Amino acid sequence: MVNKINTLLIFLLLLSACNPSTQNVAEQPKSIPDTKQKLLGINYQLTEKDRELIKAYIDRHRLTMKESPSGLFVYVYGKGYGEYPKKGDLVNYYYRISLLDGTECYKSEPGKPKNMVVGHGGVEAGLEEGIMLMRKGQKALFILPPHLAHGLIGDMDKIPPRASIVYEVELVDVQH
């Protein structure tokens, strides 16, 4: 996801640098650091707006969640056992993904948990971060802001661009 955001920032930076030279000499184009600073400011504003929407969801549902330094909102519950998953471990989990408005996007089929190798990508960055906070047998609710989910473009199917998603997860197995 960070790569998508970086790619977009680089594209916008290059686009602004390729402006046709219809400017006279007195009008100097903005320097790259100025453009970069402006884009960082826009990114900060978007991230703060996402955070406000997530906090409104948490308040509306009277949830108690912790926010990680990355911006992932986490609530882990239930008795767990064993070690926490780490990068390279194979995990099996059931999941349900919905939008902040409650629209269900995806869910695992009963009796068919999904699996992934932690740290190998292929899933949302926020899911990998959250899974490493759980132990086998626990359930969790994660709220992923767009930068930890599907970012600026969504998943091109059920998750729209710039959508925060709610992940309900049950960790059923961890193989170290």
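## Strands β1, β2 and β6

Two strands are taken to pair when DSSP finds at least two bridges between them, and in this predicted model strand β1 (residues 66-67) and strand β2 (residues 73-77) satisfy that condition with two bridges in the antiparallel sense. Within this pairing, E67 stands opposite F73 of β2. The hairpin that β1 and β2 form has five residues between the strands, and in that hairpin G71 takes a positive phi near 105°.

Strand β2 also pairs with β6, again in the antiparallel sense, and here the pairing runs over five bridges. One of the facing positions is that of V74, which stands opposite F142 in β6.

## The loop between β6 and β7

The segment that follows β6 (139-144) and leads to β7 (165-175) is a loop, and S164 has its place there. Because its relative accessible area is 8%, S164 is classed as buried, the cut-off for that class being under 20%. Apart from neighbours within four places in sequence, S164 is in contact with D50, I54, L99, L100, L144, P145 and P146.

I153 lies in the loop between β6 and β7 as well, but with a relative accessible area of 43% I153 is partly exposed, a class that covers values between the 20% limit for buried and the 50% limit for exposed residues.

## A nonpolar surface patch

I153 joins L152 and M156 in a nonpolar patch on the surface, and the accessible area of these residues together is about 310 Å².

Note on methods: Residues numbered from 1 in each chain as written. Predicted model: local features only at pLDDT ≥ 70, side-chain atom pairs only at ≥ 80, totals over all residues. Heavy atoms only, no water. Helix = DSSP H or I, 4+ residues; strand = E, 2+ residues; numbered from the N terminus. Buried < 20%, exposed > 50% of the residue type's maximum accessible area, 1.4 Å probe, protein only. Contact = heavy atoms within 4.5 Å. Patch = residues over 30% accessible without salt bridge, like charges linked within 9 Å, V, L, I, M, F, W, Y side chains within 5 Å. Areas by Shrake-Rupley, 256 points an atom, 1.4 Å probe, with all protein chains shown as cover. Salt bridge = Lys/Arg side-chain N within 4 Å of Asp/Glu carboxyl O.
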